Amino acid sequence: MARYVFEYHLVSYRRVWRGSVLSSFVLPLLTMLGFGVGVGAYVTGGVEGAPYLDWMVPGLIASTAMQIAIGESTWPVLGGFEWRRIYFGQSAAPLRVADILDGHLAFAVFRTLTSCGAFLLVAAAFGTMHSWWALAVLPIAGLVGLAVATPTFAYASTIRSDSYLAVLFRLGVIPMSLFSGVFFPVESLPVALRWIAYALPLWHGVDLSRAATLGVAPAWSPLGHVLYLALWAGVGWLLAYRQFGRRLVV
Amino acid sequence: MTLIHARGLVKRFGDFTAVDGIDVDVRRGEAFGFLGPNGAGKSSTMRMIGCVSPPTDGVLRILDLDPRRDGPAIRARLGVCPQLDNLDLELTVRENLTTYARFFGIPRKVARARAAELLDFVQLTERADSKVEPLSGGMRRRLTIARALVNEPEIVLLDEPTTGLDPQARHLVWERLFRLKQQGVTLVLTTHYMDEAEQLCDRLVVMDGGKIVAEGSPRALIERYSTREVVELRFNAESQEAFAEKLAGIGERVEVLPDRILLYVADGDEAVAEVQRRALSPASVLVRRSSLEDVFLHLTGRTLVD
């Protein structure tokens, strides 16, 4: 039944997809060109043996996955309860709470995968992919998306006003994208900050993606990364499920 | 056959008891109403029947199933028109119906055909490909009703179906609901408009403070709890109270409201003549038939719409 909810979100997306292409694809592309090519010119000798652009791009793809997934889990979820109230219409149909949640999560992951897929193609055209393992970047992006989307769904279904979303972006999203090894190695951070990077989900996706596109071994065991991301996704799902239930079944 | 069966049904939110042990039976094919002021427990009852709110206590059977266990199976056979529209404003009128039909697992082709039929039924065919955003309140409500019918439900739940609509839009909604009733669809509605209840309901319960205070057909309730006619008198004075004593003994009952006095009588003209014999000169006099409003006033001592 969750697939019917996913289908609904696709129909809904059909009306706005042109606008979303700009924010979900053109912006990361500009970041890639600005940082990768611009800053890269000053980073002579590259990072960890790879040219700066090639080193940064996989991190940027993982970071894009995180940003798209969170974007799809904030206003759309809050609005689903507070403004468009679509969840209440869905809960009157024979859908279960898990169907409503999973269908919307599937759409967030779908948006993550399509945006990252397009980004991956362009990045490959710039000759930044060193290995066929680069294809693994997509499932990694999907996992990163799920790992951040589920806790964000839980958060967005708890708050009643979008001013709390600004808090999430300032204290969560922006620091996470800056300190998760996207633009510079985590090892350059002071030890305390480094542990924050390890605790948050993005760095694990960055390290995996980078290992995949450069064709090198990741800093941690790949299984450890995957399990840690799955833990975020799983705990986030349980919290989101509980919160959706509280709002829809009263 | 009984489609909805409730005994001692209770809904509590923390310390607050919204529904306080009600007994209800709704039979197939009838239009059944919950009448009462805001806060009487009507919407809470409807949400329990709609299987989106588990009962706190008591028995509730819907279509001979248990809402606590068989929620999705019951909801598959219900149509729900909520008090607050939750249409998707960004989709077209038609897409609102087709996407909703999919939630019931209805194949796309069938969904499209049914959407066309229903748009015709609620007279929105011309707006089929328009977005919902620019539609008037009445059109949106009709679309919500169409959406509630998309799964060909056995019971349609309508929570305050015409609240907030202008008189013309209300009549259009009533007329469509009346046609549904003629087609044999079981309607369950809540309302705080007595004219709506009188127009649409075969049988209704009057709710107040979470309890059922009376039950029957509109006609039977009026006969039991009110007189045939009512005389409404308005006096040009600070307080109407002073005139109540002078009116004592006319008809069965005298009810004093802040702005007028109601005389419950068998014969209105006869009562007006008596008022004149007592040399009282009200600023306005109105003789009318009793309505459910009078029943409610008699049962609770309060008016329905404040």
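In this predicted model, strands S11(B) and S12(B) make a hairpin, and four residues lie between them. The two strands pair in the antiparallel sense over four bridges, with S12 covering residues 261–265 of chain B. Two of the facing pairs help you find your way around: B:Val256 stands opposite B:Ile261 in S12(B), and B:Arg253 stands opposite B:Tyr264.

## The sheet around the hairpin

The hairpin belongs to an open sheet of four strands in chain B, ordered S11-S12-S10-S13, with antiparallel pairing. Strand S11 (253–256) and strand S13 (284–289) of chain B each have a single partner strand and stand at the edges, so one side of each is left without a neighbour in the sheet. From one strand to the next, the twist averages 20°. Helix H10 (residues 268–277) of chain B packs on this sheet, where it touches strand S10 (229–234), S12 and S13 of chain B. The direction of H10(B) makes about 35° with that of S10(B).

On its other pairing, S12(B) joins S10(B) in the antiparallel sense over five bridges. There, B:Val231 stands opposite B:Leu263 in S12(B).

How many residues of S12(B) are buried? Five of the five are, so S12(B) is largely enclosed by the rest of the structure. The cover reaches both faces: B:Ile261, B:Leu263 and B:Val265 are buried on one side, and B:Leu262 and B:Tyr264 are buried on the other.

## A covered strand with parallel partners

Strand S3 (residues 31–35) of chain B is also mostly covered, as five of its five residues are buried. Here B:Ala31, B:Gly33 and B:Leu35 make up one buried side, while B:Phe32 and B:Phe34 are buried on the other.

The pairing of S3(B) is parallel with strand S7 (residues 186–191) of chain B, over five bridges. Within that pair, B:Phe32 stands opposite B:Val188 in S7(B). S3(B) also runs parallel to strand S8 (residues 203–208) of chain B, and four bridges join the two. In this case B:Phe34 stands opposite B:Val205 in S8(B).

## The three-stranded sheet

Chain B has an open sheet of three strands as well, in the order S2-S1-S4 and with antiparallel pairing. Strand S2 (16–27) and strand S4 (57–62) of chain B are its edge strands, each with a single partner strand, so one side of each is left without a neighbour in the sheet. Neighbouring strands here are turned by 15° against each other on average, direction ignored. Strand S1 (residues 2–13) of chain B pairs with S4(B) in the antiparallel sense over five bridges, and B:His5 has B:Arg61 as its bridge partner in S4(B).

The strand pairings described so far can be set side by side:

| Strand pair | Sense | Bridges |
|---|---|---|
| S11(B) and S12(B) | antiparallel | four bridges |
| S10(B) and S12(B) | antiparallel | five bridges |
| S3(B) and S7(B) | parallel | five bridges |
| S3(B) and S8(B) | parallel | four bridges |
| S1(B) and S4(B) | antiparallel | five bridges |

## Chain B as a whole

Stepping back, chain B contains eleven helices and 13 strands. Its C-alpha atoms fill a box of roughly 75 × 45 × 35 Å along the principal axes. Of the 306 residues of chain B, 46% count as buried. Among contacts in chain B between residues at least 6 apart in sequence, 68% join residues at least 24 apart.

## Where chain B meets chain A

At the interface, 22 residues of chain B are in contact with 21 residues of chain A. On the chain B side, the elements that give two or more residues are helix H2 (67–75) and helix H3 (93–102) of chain B. H3(B) provides the largest share of that side, four residues. By class, the chain B side has twelve nonpolar, five polar and five charged residues.

## Chain A and its helix H7

Turning to chain A, the mean pLDDT is 94, and 100% of its residues reach 70 or more. Which elements of chain A have the lowest and the highest mean pLDDT? Helix H2 (residues 17–38) of chain A has the lowest, 82, and helix H7 (residues 137–156) of chain A has the highest, 98.

H7(A) also lends itself to a quick geometry check. At 1.5 Å a residue, its 20 residues should span 28 Å, and the end C-alpha atoms of H7(A) are 27 Å apart, which agrees. As for its surroundings, 17 of the 20 residues of H7(A) are buried, so this helix is largely enclosed by the rest of the structure.

Methods:
Residues are numbered from 1 along each chain as its sequence is written. Chains are lettered from A and ligands numbered from 1 in the order in which they are written. This is a predicted model: local features need pLDDT of at least 70, side-chain atom pairs count only at pLDDT 80 or more; totals for chains, interfaces and linings use all residues. pLDDT is the predictor's confidence in each residue, from 0 to 100. Two residues are in contact if their C-beta atoms, placed from the backbone, lie within 7 Å. Ala, Val, Leu, Ile, Met, Phe, Trp, Tyr, Cys and Pro count as nonpolar, Asp, Glu, Lys and Arg as charged, and the others, Gly among them, as polar. Two strands pair if DSSP finds at least two bridges between them. Axes are lines fitted to C-alpha atoms, for helices over the stretch in contact, and angles run from 0 to 180 degrees between N-to-C directions. The expected span of a helix is 1.5 Å times one less than its number of residues. A residue is buried if 20 or more other C-beta atoms lie within 10 Å of its own, exposed if 12 or fewer, and partly exposed in between; C-beta atoms are placed from the backbone.
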